[in-house]
Amino acid sequence: MKFLSSRRLVTGALALICAGSLSVLPAHAAEGTRQFIESFGSKLVAIVNSQVSLSEKKARVLPLIQQDVDIDAIGRYCLGRYWKLATPEQQKQYLGLFHEVLVNAITDKLGDYRGVSFTIGAITKSGEDDAVEATLIRPQQPPASMQWIVGHTGGSPKVVDVVGEGASLRLTQRQDYSSYIARNGGNIDALLTALKRQIEHHSAPAAN
């Protein structure tokens, strides 16, 4: 099992770097989101464009992800109806594994982005969240458009989803996880085991 949509999350994150002006309607409603994006984006671009090694970039981007991406909320959403069926111990174990899988998926892609530029579009409402339109431009590749979804649960803005290539990252992953659990007789432990194997496989090259 793989975190199939990781590239879209990284692409969306990079496209949040605010190199130009934002078109915001209404301005007062999106002020918190705008400030969040500017702060998150400026820190991210500094890491991506730095001359340090890939391993150092991964180390620097980790606390930024932990602070500005609501990994627990994304994880709960991805488990879908099985979240309420899981025991407290399974929930705790799952969130720990999901956190590691997602962080690995993001940081593994940092080396793929060079010479990028960005355009930022409107901030609109997506249910209770804010949707930021963005386009990532990379040399010799078609522009990538997406929406970056920012939630405000708990009083501070955090990333909760990326919508691109016609699909929501968290919805795609929920379908993947739900299908896997269903194929294994509704056994949530089967998913936990698969996530553990994925993490072990990711760590194996570094150990050799």
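Select the whole protein to begin: of its 208 residues, 46% count as buried, where buried means under 20% relative accessible area with a 1.4 Å probe and protein chains only. This is a predicted model, in which local features need pLDDT of at least 70 and side-chain atom pairs count only at pLDDT 80 or more, while totals for chains, interfaces and linings use all residues. Residues are numbered from 1 along each chain as its sequence is written, and side-chain values use heavy atoms, with hydrogens and water left out.

Next, colour by pLDDT, the predictor's confidence in each residue from 0 to 100; the mean for the protein is 80, and 79% of residues reach 70 or more. Select residues 15–26, over which pLDDT stays under 50, and then strand 1 (residues 23–24), which has the lowest mean pLDDT among the elements, 37, whereas helix 5 (residues 82–85) has the highest, 97. Helices (H or I, at least four residues) and strands (E, at least two) are DSSP runs numbered from the N terminus.

Switch to a cartoon view, where eight helices and six strands can be found, following the pattern α-β-α-α-α-α-α-β-β-β-β-β-α-α along the sequence.

Finally, select helix 3 (residues 54–68) together with helix 6 (residues 88–107), whose axes come within 10 Å and cross at roughly 130°, the axes being lines fitted to C-alpha atoms over the stretch in contact, with angles from 0 to 180 degrees between N-to-C directions. Show side chains for K58, V61, L62, I65 and Q66 of helix 3 and for H99, V103, I106 and T107 of helix 6, which make the contact, meaning heavy atoms within 4.5 Å.

Notes
Buried means under 20% relative accessible area, exposed over 50%, partly exposed in between (1.4 Å probe, protein chains only).
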